[in-house]
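This briefing goes through one structure by topic, moving from strand pairing to helix packing and then to charged pairs. Please keep the sequence and the 3D view at hand while reading.

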Amino acid sequence: MRHTFPLALAAIALGSLAGCDKKDASGSAASSTPSGPVAAVAPPAGQDWTETVTETPDGGFLMGNPNATVKLIEYGSLTCPHCAVFSKEGAPVIKEKYVKTGKISYEFRNFVRDPVDYAAAILSRCGGAGPYFKLTEQIFADQQSWYQNLEGLTDADYKRINALPPTAQLDALAKASKLDQYVQQRGISPEKASACLADKAMQDKLVKMRQVATDQFNLQGTPTFVLNGSVLPDTAEWSQLEPKLRAAVGG
């Protein structure tokens, strides 16, 4: 059983969030649906759209053709088991079948659900755009393993961590989960990891991204998908999303 962390990260309204797969995301922005089959767009010479990653003004990371006709956004949580399943089943196909063609861009936005997720999200972003998607996928793939490291914490450990300042809590959780060691093995030095966890601008960006998701899209759980500006209802699994992507590009 996963513990609830009674930590003092008051900047995030953690208590208001439903379970990671329980949502009623009915809010949406105006959408634009292509009127016919979407044509493939070749990447710049010598490049691959799946290796083209940029940070967006909204704080997410976008893979692929930034001018793609079809724009897919995933709001996901690194502590959400359903998001981890989607990462395994859906993300590879999205990249290979859709992003590579230049027809679809794929943006991932962190939607933090709890303090551990907050620490994990910061570490996933610590290396910048280049390694972001690969590191995020690896964290999802090993989610059960690193999260289990927290199961050994005692009530005394929780009280000790809870008494720390918010930024120090993030650092303590990164160490308790051994995520600090995990990202170190993937190219992020301990010094850089600590600097990222203490970075107020990075913390604020995650808080703002979560707030925009709840205000603009009425998002209450993860994963949630937004296609060309509209939330896709009842779409939390790859088997539910894939038909909608096929329809969006015209088959």
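**Strand pairing and the sheet**

In strand β5, phenylalanine 225 is the bridge partner of glutamate 74. The model is a predicted one, and the pairing just named belongs to the four bridges by which β3 and β5 (residues 224-227) are joined in the antiparallel sense. The points below place these strands in their sheet and then turn to helices and salt bridges.

- The sheet is open and made of six strands with mixed pairing, and its order reads β1-β2-β4-β3-β5-β6.
- Because β1 (53-55) and β6 (230-231) are the edge strands and each has a single partner strand, one side of each is left without a neighbour in the sheet.
- Strand β3 (residues 70-76) is mostly covered, with six of its seven residues buried.
- Seven bridges link β3 with β4 (residues 104-110), and this pairing is parallel; valine 70 faces isoleucine 104 of β4 across it.
- Towards the β6 edge, β5 and β6 run antiparallel and are joined by two bridges, with leucine 227 standing opposite serine 230 of β6.

**Helices**

- Helix α1 spans residues 81-89, and its buried residues include Cys83, Ala84, Phe86 and Ser87. These residues lie on the same side of α1, because the arc they cover around the axis is only 160°.
- As background to that pattern, an α-helix has 3.6 residues a turn, so residues three or four places apart point the same way.
- Helices α3 (residues 115-125) and α4 (residues 129-141) pack with their axes 8 Å apart and at an angle of about 145°.
- From α3, the residues that make this contact are Ala120, Leu123, Ser124 and Arg125, while α4 contributes Tyr132, Leu135, Thr136 and Ile139.
- Sorted by class, the contact between α3 and α4 comprises five nonpolar residues, two polar residues and one charged residue.

**Salt bridges**

- The structure holds 12 salt bridges, among them one between glutamate 55 and lysine 205, whose closest N and O atoms are 2.7 Å apart.
- Since glutamate 55 lies in strand β1 and lysine 205 in helix α10 (residues 200-217), this pair ties together parts that are 150 residues apart in sequence.
- Both partners of that pair are partly exposed: glutamate 55 has a relative accessibility of 38%, and lysine 205 has a relative accessible area of 35%.
- Aspartate 114 forms a salt bridge with arginine 113, and here the closest N and O atoms are 3.9 Å apart.
- Aspartate 114 is buried at a relative accessible area of 14%, and arginine 113 is likewise buried at 17%, each value being under the 20% cut-off for that class.
- Lysine 200 forms a salt bridge with aspartate 204, with the closest N and O atoms 2.9 Å apart; because the two residues are four apart in helix α10, about one helical turn separates them.
- Lysine 200 counts as exposed at 51% relative accessibility, whereas aspartate 204 is partly exposed with a relative accessible area of 37%.
- Asp48, Glu96 and Lys100 are joined into one network by salt bridges that share partners.

Definitions and conventions. Residues numbered from 1 in each chain as written. Predicted model: local features only at pLDDT ≥ 70, side-chain atom pairs only at ≥ 80, totals over all residues. Heavy atoms only, no water. Buried < 20%, exposed > 50% of the residue type's maximum accessible area, 1.4 Å probe, protein only. Arc of directions from axis to C-beta. Pairing = 2+ DSSP bridges. Axes fitted to C-alpha atoms, helices over the stretch in contact; angles between N-to-C directions. Contact = heavy atoms within 4.5 Å. Nonpolar A, V, L, I, M, F, W, Y, C, P; charged D, E, K, R; others polar. Salt bridge = Lys/Arg side-chain N within 4 Å of Asp/Glu carboxyl O.
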